[in-house]
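Me: I've just started learning to read protein structures. Could you walk me through this one?

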Amino acid sequence: MESGSGDVLRISSIDLRPQNTVESYEADWKQWETFCALLGLPATAITPGSLTAFVEWLWWQPGWKAGTFTAPSTIDRRLSGVVVTGRTDYKLALDCTVAARARRVLKAKVRELQKTDEVRGRGSAPALLVAHLRAGLDATPDTRLGIRDRAIVLLQFAIAGREHEVAHLRLRDVVEVEQGLEVDVRVSQISPRKVKVPFGSRPSTCPVRAWRAWTEAADLTDPDGYAFRALHPRWHTVTDRGLSPEAIGDVATRLSARAELPVRHTGHSARRGAAEESRRAGNDRKVIAKQGG
């Protein structure tokens, strides 16, 4: 389940958020309005108590698949959507802990759910760990598509990036510095951030070297152009078009397929894998959260 740290961060401009996030928050607010109407509450009555009751109500609402209920990750996101919309659209001065009690209740429900066979949502994406990365990269061809795939997955892993964050990167957002790269993640559903990416200990899994190889192979020079471009479907020439978040997610799936890994990795797998590898390395939660936003 995603962290709700986005609740405590103000978004300076809604236009900086990906369109799918804007649409999701609009849907979250509509659900909140429906809930408030049932209880006779004004929509601006965003309090620890009302958000906790919202979680209880959502828990028994229908899920995306017939016969299921709302997934915990969706409920968590709806809490964020309500709080962010309350702040940005209604100028409410909401405390950073306003949703804390509601999330504690949600986490308790998730713990109980894990003791049963009930499945809600599509399930968590499998983590793309370093061992998976090495196997997938070893099986990736040295074509322009392969060079681009290497750069995408290694940079996404290095910044613990979401698919839309990588898709929206421009060439000027990835800057070479003495220690490696500095990546300016300007478009994020949570908060913009700058991430330092050091050289990797192995050339085959080094995100800095992979980035250099891609920019050279693609002959990227326009600072306002997309960092990762679509290729011609037949000739694999580089176009001016950027990649969709879905196309970014497909890269991890291709890596898994090439290496014939026993799990099917998806767009969120690199982010999950980065967090897990960081945890195994002994980093605390604050360090992990700072990397991935």
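Reply: Sure, here are some questions and answers about this model, which is a predicted one.

Me: Let's start with the strands. Which residues sit on the covered face of strand E3 (residues 193-198)?

Reply: In a regular strand the side chains alternate between the two faces of the sheet, so neighbours in sequence tend to point opposite ways. In E3, the uncovered face has Lys194, Lys196 and Pro198. The covered face is made up of Arg193, Val195 and Val197.

Me: Which residue in E3 stands opposite leucine 181?

Reply: Look at strand E2 (residues 180-185), which runs antiparallel to E3 and is joined to it by 6 bridges. Across from leucine 181 you'll find a residue of the covered face of E3. That residue is valine 197.

Me: Okay, now the inside. Which helix gives the most to the largest nonpolar core?

Reply: That core has 42 residues, and those touching the most other members include Val153, Leu155, Val197 and Trp214. One helix puts 10 residues into this core. The helix is H6 (residues 144-159).

Me: How many residues are in the second core?

Reply: This core is separate from the largest one. Cys36, Phe54, Ile75 and Val110 are among its members. Its count of residues is 23.

Me: Is leucine 38 buried or exposed?

Reply: Leucine 38 is found in helix H1 (residues 19-39), and together with Leu39 and Leu41 it forms a nonpolar patch on the surface, with about 290 Å² of accessible area between them. Its relative accessible area is 60%, and the cut-off here is over 50%. So leucine 38 counts as exposed.

Me: What about leucine 79: buried or exposed?

Reply: Leucine 79 has its place in helix H3 (residues 72-88). Its relative accessibility is 0%, and anything under 20% falls in one class. So leucine 79 is buried.

Me: How far apart are the C-alpha atoms of leucine 79 and isoleucine 152?

Reply: Along the chain, these two are 73 residues apart. In space, their C-alpha atoms are separated by 31 Å.

Me: On to charges. Which residue forms a salt bridge with glutamate 165?

Reply: Glutamate 165 is buried, at a relative accessible area of 1%. Its partner is buried too, at 4%, and the closest N and O atoms of the pair are 2.7 Å apart. The partner is arginine 162.

Me: How many residues apart along the chain are arginine 172 and aspartate 224?

Reply: Their side chains meet in a salt bridge of 2.8 Å, N to O. Arginine 172 is in the loop between helix H7 (163-167) and strand E1 (174-177), while aspartate 224 is in the loop between helix H8 (207-218) and strand E4 (229-231). Arginine 172 is partly exposed at 41%, and aspartate 224 is partly exposed at 44%. The pair links distant parts of the chain, with a separation of 52 residues.

Me: In the salt bridge between arginine 229 and aspartate 240, which residue counts as exposed?

Reply: The two side chains meet at 3.9 Å, N to O, with arginine 229 in strand E4 and aspartate 240 in strand E5 (residues 238-242). Arginine 229 has 7% relative accessibility, so it counts as buried. Its partner has 67%, so the exposed one is aspartate 240.

Me: Last one: how many salt bridges does the structure hold?

Reply: Some of them share partners, joining Arg148, Asp149, Arg254 and Arg258 into one network. For the structure, the total is 19.

Note on methods: Residues are numbered from 1 along each chain as its sequence is written. This is a predicted model: local features need pLDDT of at least 70, side-chain atom pairs count only at pLDDT 80 or more; totals for chains, interfaces and linings use all residues. Side-chain values use heavy atoms; hydrogens and water are left out. Buried means under 20% relative accessible area, exposed over 50%, partly exposed in between (1.4 Å probe, protein chains only). Helices (H or I, at least four residues) and strands (E, at least two) are DSSP runs, numbered from the N terminus. Two strands pair if DSSP finds at least two bridges between them. A nonpolar core is a set of buried Ala, Val, Leu, Ile, Met, Phe, Trp, Tyr and Cys residues joined through side-chain atoms within 4.5 Å. Patches are made of residues with over 30% relative accessible area and no salt bridge: like charges are joined within 9 Å, nonpolar side chains (Val, Leu, Ile, Met, Phe, Trp, Tyr) within 5 Å. Accessible areas come from the Shrake-Rupley method with a 1.4 Å probe; for residues, only the protein chains shown count as cover.
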